[in-house]
Amino acid sequence: MGTVMAGSLGALMMLGIMFVISGSRRSERAFSTGRSTGLWKRLKNLWISWSPVRRAWILSSVTLGFLIAISTGWLIAIVLVPAAALGIPALLSEPPQNEIATLAGLDRWVRLLAPSIATGKSIRDAILATRSQAPAVLSTSVTRLVTRIDQGWTTKDALLAMADELSSADADAVLAALAISSTKGGVGTRTTLTALSENTQERLHALREISSERAKPRAVVRQVTIITLVVLGGSILLGGNFFEPYRSPFGQVLAVSLATAYVGALLMLRRRTIPTPAARFLRGSP
């Protein structure tokens with residue numbers, strides 16, 4: 001028991017020291033001016049790039065792994081606990097909805113262009129007039145679009161280059177319609193934009209419904225995983241010798257195998273709930 005208490009106190013002291021170091025700004029400056037190179041330097045830069053909350057979570061999970069290993073004799077906990085604490089939340093988190101965000105931004109942008117075009121402006125003039133009002137998700141792309149137009153590019157070529165930057169089949173459909181309209185000198189542009197906005201709204205509605213349906217199995221698995229981890233934790237603390245077989249070398253290998261299988265199942269689920277991007281049909285450059 002004395003060994004366990006000494007190990008626990010030592011681990012807690014180390015955790016406190018690491019928290020102080022990680023929160024020190026001076027350490028960040030030292031990293032930026034150090035002489036280390038290669039892998040070690042990249043690891044330090046990666047550590048600096050993480051938020052304080054993420055660094056604290058990593059340190060806590062590593063410390064907890066050591067404490068469990070010391071108190072239970074499960075040396076494999078040094079690896080399993082941090083891997084579970086870091087990997088499982090990432091696997092169960094909501095994936096980024098880049099496709100929906102991009103299409104929603106394009107829809108707002110098209111609606112922004114429509115009033116300017118209604119006053120008699122061309123698509124080119126409407127883009128230049130509303131450049132500062134572009135949605136945040138398209139801010140960089142619209143800025144580059146305007147820069148190309150200012151440099152003498154045709155509106156069509158600039159829009160096709162923007163499509164290449166966004167690299168999305170849905171963006172291709174929107175920007176192709178704008179590119180075609182820009183070559184007609186304003187003839188039928190309002191009708192095109194109205195139809196384009198309606199089609200974009202329908203596509204957005206469909207994508208959001210699909211995303212909502214894909215989120216349901218993730219929510220169920222998230223709940224099951226939380227319950228499983230709570231039950232396992234409670235069993236380890238209160239179950240006496242129930243997990244005694246897993247303290248042997250073979251038992252620890254078996255525990256790692258079971259954990260790996262579960263994480264693999266979570267990975268497969270995540271991949272299945274992330275839609276494959278549709279193939280693009282528009283290319284602005286060879």
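Here are some short exercises on side-chain contacts in this predicted model, each with a worked solution.

**Exercise 1. Find the salt bridge partner of Asp107, and work out how the two residues sit in helix H6.**

Let's start with the pair itself. Asp107 forms a salt bridge with Arg111, with 3.3 Å between the closest N and O atoms. Next, check the sequence spacing: both residues belong to helix H6, which covers residues 98-118, and they are 4 residues apart, so about one helical turn separates them. Now look at cover. Asp107 has a relative accessible area of 4%, and because the cut-off for buried is under 20%, Asp107 is buried. Arg111, at 44%, is partly exposed.

**Exercise 2. Which residue pairs with Asp150 in a salt bridge, and what parts does the pair tie together?**

The partner is Arg131, and the closest N and O atoms are 4.0 Å apart. Asp150 sits in helix H8 (residues 139-150), while Arg131 is in the loop between helix H7 (123-129) and H8, so the contact ties together parts 19 residues apart in sequence. As for cover, Arg131 comes out as partly exposed, with 41% relative accessibility.

**Exercise 3. Follow Arg148 through its contacts: what does it bridge to, and which ring does its charged end sit over?**

Step one is the salt bridge: Arg148 pairs with Glu165, the closest N and O atoms being 2.7 Å apart. Step two is placement. Glu165 is in helix H9 (residues 155-166) and Arg148 is in helix H8, so this bridge ties together parts 17 residues apart in sequence. Step three is cover: Arg148 is buried at 17% relative accessibility, whereas Glu165 is partly exposed at 28%. Last step, the ring: the charged end of Arg148 sits over Trp153, 5.3 Å from the ring centre.

**Exercise 4. How many salt bridges and how many aromatic pairs does a search of the whole structure find?**

Run both searches over the whole structure. The salt bridge search gives 10, and the aromatic pair search gives 0. While you're on the salt bridges, look for a network too: Glu94, Arg218 and Arg222 are linked in one.

**Exercise 5. Which residues form a nonpolar patch with Val62, and is Val62 buried or partly exposed?**

Val62 teams up with Phe66 and Ile70 in a nonpolar patch on the surface, and together they have about 220 Å² of accessible area. To place Val62, go to helix H4, residues 52-72. Then check its cover: Val62 has 32% relative accessibility, so it counts as partly exposed.

Methods: Residues are numbered from 1 along each chain as its sequence is written. This is a predicted model: local features need pLDDT of at least 70, side-chain atom pairs count only at pLDDT 80 or more; totals for chains, interfaces and linings use all residues. Side-chain values use heavy atoms; hydrogens and water are left out. A salt bridge is a side-chain nitrogen of Lys or Arg within 4 Å of a carboxyl oxygen of Asp or Glu. Buried means under 20% relative accessible area, exposed over 50%, partly exposed in between (1.4 Å probe, protein chains only). Rings of Phe, Tyr and Trp (its six-membered ring) pair if their centres lie within 6.5 Å; planes under 30 degrees apart count as stacked, over 60 as edge-to-face and the rest as tilted. A charge sits over a ring if NZ of Lys or CZ of Arg is within 6 Å of the ring centre and within 35 degrees of the ring normal. Patches are made of residues with over 30% relative accessible area and no salt bridge: like charges are joined within 9 Å, nonpolar side chains (Val, Leu, Ile, Met, Phe, Trp, Tyr) within 5 Å. Accessible areas come from the Shrake-Rupley method with a 1.4 Å probe; for residues, only the protein chains shown count as cover.
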